[in-house]
Amino acid sequence: MSPARRRLVAGASVALCAAVLAGCNANADRGPAAAENGRSLILVTPEPVGVNPFLQLAVTGIEDAAAQAGASSKVFQSQDATTVQQEVEAAVAEQPDVLAVVGFEFADSIAAAATANPEQQFLFVDACTTEQFPNVTCAVFREHEGTFLAGVEAGMLTTTNHVGAVVALDTPQIRRFSDPFGAGAKHVNPQVGFTPLYVGGPSPFNDPARAKEQALSLAAQSVDQVIASSAAGNLGVFDAAKQSSFAAFGVDVDQCGLAPGKVVDNVIKEVDRVTADGVAKILAGEGGTTVSYGLAEGGVTLTGLEEGLAETECVIAQHPEVQAELAKVRDQIVAGEVRVDDPAGE
C-alpha cells in the first residue's frame with residue numbers, strides 16, 4: 001500500500017463524517033501555492049470532492065505529483081455536470097504545466113479544450129477522448145478485472161446463492177462495477193444468481209439515502225453479498241449492511257472500517273498513483289499516449305491481495321481459503337487463462 005493511500009485510508013472515516021456534517025466549499029483549494037521551479041498543476045473534478053473516495057484519491061495524486069516535481073497544485077471542483085466546462089475553461093486560463101481531469105464527464109470538454117489550446121498539456125484520468133490528441137494523455141483502468149475477483153469472493157461466501165450490486169448509473173462504463181461481480185461469482189459457483197440495482201436520479205454518486213434503499217431492497221430478495229459502487233452513496237449501503245444480514249464490498253479505497261465485520265473486501269483503483277505517474281510522464285515529455293492499468297500493471301487490486309490485510313477490518317482476512325482462490329484467479333487473469341468480459345467493450 002502506498003504512503004498516499006495509507007494517509008487516505010487512515011483518515012477516511014473522519015473525512016467522510018466531517019464532510020457530511022460540514023458540507024463542501026467547492027473551490028476551497030484554488031488558492032495559489034508556492035512552487036520551487038515555477039511549475040503548476042491543476043486538477044478539475046466533476047463535482048465537489050466531499051465524501052467521494054475516488055475524487056479524494058485524485059486530489060492525493062495531484063498533490064503527490066506536485067511534491068515530486070516541486071510544483072504548485074490547485075483543485076477546481078465543479079458543482080455538477082453543468083459547470084464542468086466552466087471549470088475547465090477557468091483552469092486553462094491559468095496555463096498550468098499540466099491540467100488534469102478525472103472522470104468520464106470530461107470527454108467533450110477536454111476534446112474541445114485540447115483542440116482550442118494545442119500548447120496546453122492535459123491528463124485525462126479514468127476515461128479518454130474519442131479522438132486521440134497529441135496534447136492529451138489518458139490513463140484508463142480495467143476495473144472490471146478487480147470487480148470479477150470480488151465476485152469470486154462473493155461466490156465462495158454466499159449462503160443464499162444470490163449476490164447483487166448497488167451501482168451509481170446503468171451505463172457501460174459504470175457497469176464495470178456490477179456485471180463482472182456476478183460473472184466472478186458464477187465462475188466459482190454456477191448456482192449463483194445476480195441482481196444489480198442502480199441509484200440514478202440527480203445525484204447518482206452522492207445519494208446515500210437512495211443507495212441504502214436499494215441495498216435493503218436487495219436484502220429483502222435474499223441477496224447476501226452486495227458490491228457497493230455509488231461513491232458517497234456507499235455510506236448508505238454500509239449503513240444498510242449494519243441493519244441487515246448481507247455483507248458488502250467497497251471500492252476505490254479500504255472501506256472496511258466504515259462497517260467493521262460487514263465489509264468483505266474492496267476493489268481498489270490506484271487513482272492516486274496513476275495520476276501522479278501521468279503527470280510525471282507529461283513533464284518528462286512522454287505525453288500524448290493512452291495507458292491502461294489493470295491487475296498486471298498494479299493499477300487495480302483488492303485489499304485482500306495487499307500487504308497488511310491482517311491489520312484491516314475486512315472480513316476476507318478471516319477466510320484464508322478464499323484468499324488463496326483469490327490469488328489463484330488473479331494470476332490466471334494476468335496470464336490470460338481467465339477472460340473477464342468488459343461491459344464497456346474496450
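Which residues line the second largest cavity? Before we get to the answer, keep in mind that this is a predicted model. The lining is made up of Leu123, Thr137, Cys138, Ala139, Val274, Gly278, Lys281, Val291 and Tyr293. Three elements each give two or more residues to it: strand S5 (136-141), helix H10 (271-283) and strand S11 (290-293). Sorted by class, this lining has six nonpolar, two polar and one charged residues, and the cavity it surrounds has a volume of about 40 Å³.

That space has a companion, for the count comes to two cavities of 30 Å³ or more. The largest cavity has a volume of about 300 Å³. It is lined by 21 residues, and those closest to its centre are Phe54, Asp126, Ile174, Phe177 and Phe205. If you would like to find the elements around it, look at helix H3 (53-69) and strand S9 (247-252), the ones that give two or more residues to the lining. The character of this lining is mixed, with ten nonpolar, five polar and six charged residues.

Strand S9 also leads us to a sheet. Here six strands form an open sheet in the order S7-S6-S8-S9-S10-S12, with mixed pairing. At its edges are strand S7 (193-198) and strand S12 (300-302), each of which pairs on one side only. On average, neighbouring strands of this sheet are turned by 20° against each other, direction ignored. For a closer look at one pair, take strand S8 (residues 225-229) and S9, which run parallel and are joined by three bridges. Within this part of the sheet, Ile227 stands opposite Phe249 in S9. Helix H6 packs on the sheet, where it touches S6, S8, S9, strand S10 (263-269) and S12. The direction of H6 makes about 170° with that of S10.

Follow the chain on from H6 and you come to the loop between helix H6 (143-157) and strand S6 (162-167), which holds Asn161. Its backbone deserves a glance. Most residues other than glycine have a negative phi. Asn161, however, has a positive phi of about 60° although it is not a glycine. Asn161 is partly exposed, with a relative accessible area of 31%.

Where does Gln95 lie? This residue is found in the loop between helix H4 (84-93) and strand S3 (98-102). Gln95 too has a positive phi, near 50°, without being a glycine. Its relative accessible area is 66%, so Gln95 counts as exposed.

Key
Residues numbered from 1 in each chain as written. Predicted model: local features only at pLDDT ≥ 70, side-chain atom pairs only at ≥ 80, totals over all residues. Heavy atoms only, no water. 1 Å grid on protein atoms, 1.4 Å probe; cavity = no way out; pocket = protein on both sides within 12 Å on 5 of 7 lines; lining within 4 Å. Points joined across faces, edges and corners; volume = space filled by probe spheres on them. Helix = DSSP H or I, 4+ residues; strand = E, 2+ residues; numbered from the N terminus. Nonpolar A, V, L, I, M, F, W, Y, C, P; charged D, E, K, R; others polar. Buried < 20%, exposed > 50% of the residue type's maximum accessible area, 1.4 Å probe, protein only. Pairing = 2+ DSSP bridges. Axes fitted to C-alpha atoms, helices over the stretch in contact; angles between N-to-C directions. Contact = heavy atoms within 4.5 Å.
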